[in-house]
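Student: I should like to work through this structure by question and answer. Could we take charged pairs, ligand surroundings and backbone geometry in turn?

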Amino acid sequence: MIPGSFSYHRPTSVADAIKLLVDFGDEARPLAGGHSLVPMMKLRLATPGHLVDLHGIAGLKGVRRDGNQVVIGAMTTQHELLGSEEIAKSLPILQEAAALIADPQVRYRGTIGGNVANGDPGNDMPALMLTLSASYRLEGPGGARDVAASEFYQGAYFTALEPGEILTSVSIPVPAAGHGYAYEKLKRKVGDYATAAAAVVLTVSGGKVASCAIGLTNLHETPLLATDAAKAVTGTSLDAASLKKAATAAEVIMSPASDARGPVEYRKHVGGIMVVRALQRAFGRAK
Ligand SMILES: Cc1cc2nc3c(=O)[nH]c(=O)nc-3n(C[C@H](O)[C@H](O)[C@H](O)COP(=O)(O)OP(=O)(O)OC[C@H]3O[C@@H](n4cnc5c(N)ncnc54)[C@H](O)[C@@H]3O)c2cc1C
C-alpha cells in the first residue's frame, strides 16, 4: 500500500509539462486528480519515477462555450462539472453521469481529463464522449492535434496519446435543443464502478426517434458506440420490438471481462437492460 519512490514536479505551463514528460520519457506520468493513478501506485501496478502534476498550469480548468461547442479544460473536476450552469444547460447528461462517479471526495479531485485519458474501461466519461461525438485536444512535442474520442481508445489502458503528450481539453458539440438523454449505470454498491452502463442521447420528432446515439461503459476493453442498436430504434416510437432489437444489437458487440462484477453472460444481459432503460428515460425526457 506504499508507492515506490518518485520525484514530484509542478510545472506552470503546458510547454514545461511537455518538456518534463519528454526529458523523463517512460519514467514520467502526468498527475491530475490522482484518484486512478495513486491507487495504482500504491498497488505497485504503476511505478513512475517522476510525477508531473498538472495543477500548477493556469488555463487547464473551466467550462466555456465556443460557438456550438462546449470546451472543458482537462483539469476541470467532476465536482466542477456538477456545479456548471453551462453544463446543466447544454450537456445535462454529463452531470447525470458525474453524480454517479464514486463519492464526493473522489469527485472533488478527479478530473475530466484524467477520467478520459486513463483508458480504464470502467471509467464513465469515455462512453459519454463517444455518444456526444467529443474530440480531445492533445498537446505534445510535435504541437497540438485534435483526436475524435471515437478514435482515441485502442485497448484497456491504451490510447492515442503519444509519448510526451498531454490532453489539455475536451470539445463537445452541443446536442439539439430539447434532446433526450440518460445515463443508466448498474453497480454493486454506491461508489462502485459500473457492472454495465449505457448512455443515450436522442431527438424525437412526431413521436418517433429522429436521431440517436448509444454508448456503453465497462462492457468491452474500450468504451463502445452501439451504432446498430441506435439504428434499430431510429424512426420508431420505441415499441417493445424495437427496444428488444436494440438490446440484442448492443449485446452482440459487448465482450466484458468475467470478474468480481459477474460472469460475461450476466454482464451482457444487464448491459442490454441498461440500454433499454436509458432509451426509455431519454425518450421520455425529449421535447
Ligand atoms: C474509490 C474510487 C471509486 C471510483 N469510481 C469511479 C467510477 O465509478 N467511475 C469513474 O469513471 N471513475 C471512478 N473512479 C476514478 C476517478 O473518477 C478518477 O478520478 C479518474 O478516473 C481519473 O481522474 P484523475 O483526475 O484522478 O486522474 P489521475 O488519477 O491523476 O490520472 C489517471 C491517468 O491519466 C493520466 N492523465 C491524467 N490527466 C491527464 C492529462 N490531462 N493528459 C494526459 N494524461 C493524463 C495519468 O498519467 C494517469 O495515467 C473512482 C476512484 C476511486 C478512488
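Student: In this predicted model, does Arg64 count as buried, partly exposed or exposed?

Tutor: The relative accessibility of Arg64 is 48%. Buried requires a value under 20% and exposed a value over 50%. Since 48% falls in between, Arg64 counts as partly exposed.

Student: Which residue meets the side chain of Arg64 in a salt bridge?

Tutor: The general principle is that side chains of opposite charge can pair when their charged atoms come close. For Arg64, the N to O distance in the salt bridge is 3.8 Å, and a salt bridge requires such atoms within 4 Å. The partner is partly exposed, at 44% relative accessibility. That partner is Asp66.

Student: How many residues apart are Arg65 and Glu86, which meet in a salt bridge?

Tutor: The side chains of Arg65 and Glu86 meet at 3.3 Å, N to O. The pair links distant parts of the chain, with Arg65 in strand S4 (residues 63–66) and Glu86 in helix H4 (residues 85–90). Their separation is 21 residues.

Student: Which of these two, Arg65 or Glu86, counts as buried?

Tutor: Arg65 has a relative accessibility of 41% and counts as partly exposed. Glu86 has 16%, and the limit for a buried residue is under 20%. The buried residue is therefore Glu86.

Student: Which helix holds both Lys19 and Asp23?

Tutor: Lys19 forms a salt bridge with Asp23, their closest N and O atoms being 2.8 Å apart. Asp23 is partly exposed, with a relative accessible area of 49%. The two residues lie four residues apart, about one turn of the helix, and that helix is H1 (residues 14–24).

Student: Which residues are linked with Glu96 in a network of salt bridges?

Tutor: The whole structure contains 16 salt bridges. The network that includes Glu96 has one further glutamate and two arginines. These residues are Glu184, Arg281 and Arg285.

Student: How much of the area that the ligand exposes when taken alone does the protein bury?

Tutor: Polar atoms of the protein approach the ligand at several points: a backbone atom of Leu37 is 2.7 Å from a ligand oxygen, and a side-chain N or O atom of Gln78 is 3.2 Å from a ligand oxygen. A polar side-chain atom of Lys185 also lies 2.9 Å from an oxygen atom of the ligand. Taken alone, the ligand exposes 960 Å², and the share buried by the protein is 91%.

Student: How many residues surround the ligand?

Tutor: The closest are Pro30, Ser36, Leu37, Thr111 and Asp124. Strand S2 (28–31), helix H7 (112–117) and strand S10 (166–173) each supply at least two residues of the shell. By class, the shell has 14 nonpolar, 12 polar and four charged residues. The number of residues surrounding the ligand is 30.

Student: What is the area of the nonpolar surface patch that includes Leu43?

Tutor: Leu43 is in the loop between helix H2 (37–42) and strand S3 (50–53). At 53% relative accessibility, Leu43 counts as exposed. Together with Met1 and Leu45, Leu43 makes a patch of about 390 Å².

Student: At what distance does the side chain of Arg267 make a polar contact with the side chain of Asp259?

Tutor: Arg267 is in helix H12 (residues 264–285) and is buried, at 1% relative accessibility. Its side chain also reaches the backbone oxygen of Thr195 at 3.1 Å. Asp259, in the loop between helix H11 (240–253) and H12, is partly exposed at 35%. The contact between the Asp259 and Arg267 side chains has a distance of 3.0 Å.

Student: What is the phi of Ala102?

Tutor: Ala102 is found in the loop between helix H5 (92–98) and helix H6 (104–109). With a relative accessible area of 18%, Ala102 is buried. Although Ala102 is not a glycine, its phi is positive, at about 50°.

Student: Where does Tyr157, another residue with a positive phi, lie?

Tutor: Phi of Tyr157 is near 65°, and the residue is not a glycine. Tyr157 is partly exposed, with a relative accessible area of 40%. Its place is the loop between strand S8 (153–155) and strand S9 (158–159).

Notes: Residues numbered from 1 in each chain as written. Predicted model: local features only at pLDDT ≥ 70, side-chain atom pairs only at ≥ 80, totals over all residues. Heavy atoms only, no water. Buried < 20%, exposed > 50% of the residue type's maximum accessible area, 1.4 Å probe, protein only. Near = heavy atom within 4 Å. Polar contact = N/O pair within 3.5 Å; in protein donor to acceptor, adjacent residues only side chain to side chain. Areas by Shrake-Rupley, 256 points an atom, 1.4 Å probe, with all protein chains shown as cover. Nonpolar A, V, L, I, M, F, W, Y, C, P; charged D, E, K, R; others polar. Patch = residues over 30% accessible without salt bridge, like charges linked within 9 Å, V, L, I, M, F, W, Y side chains within 5 Å.
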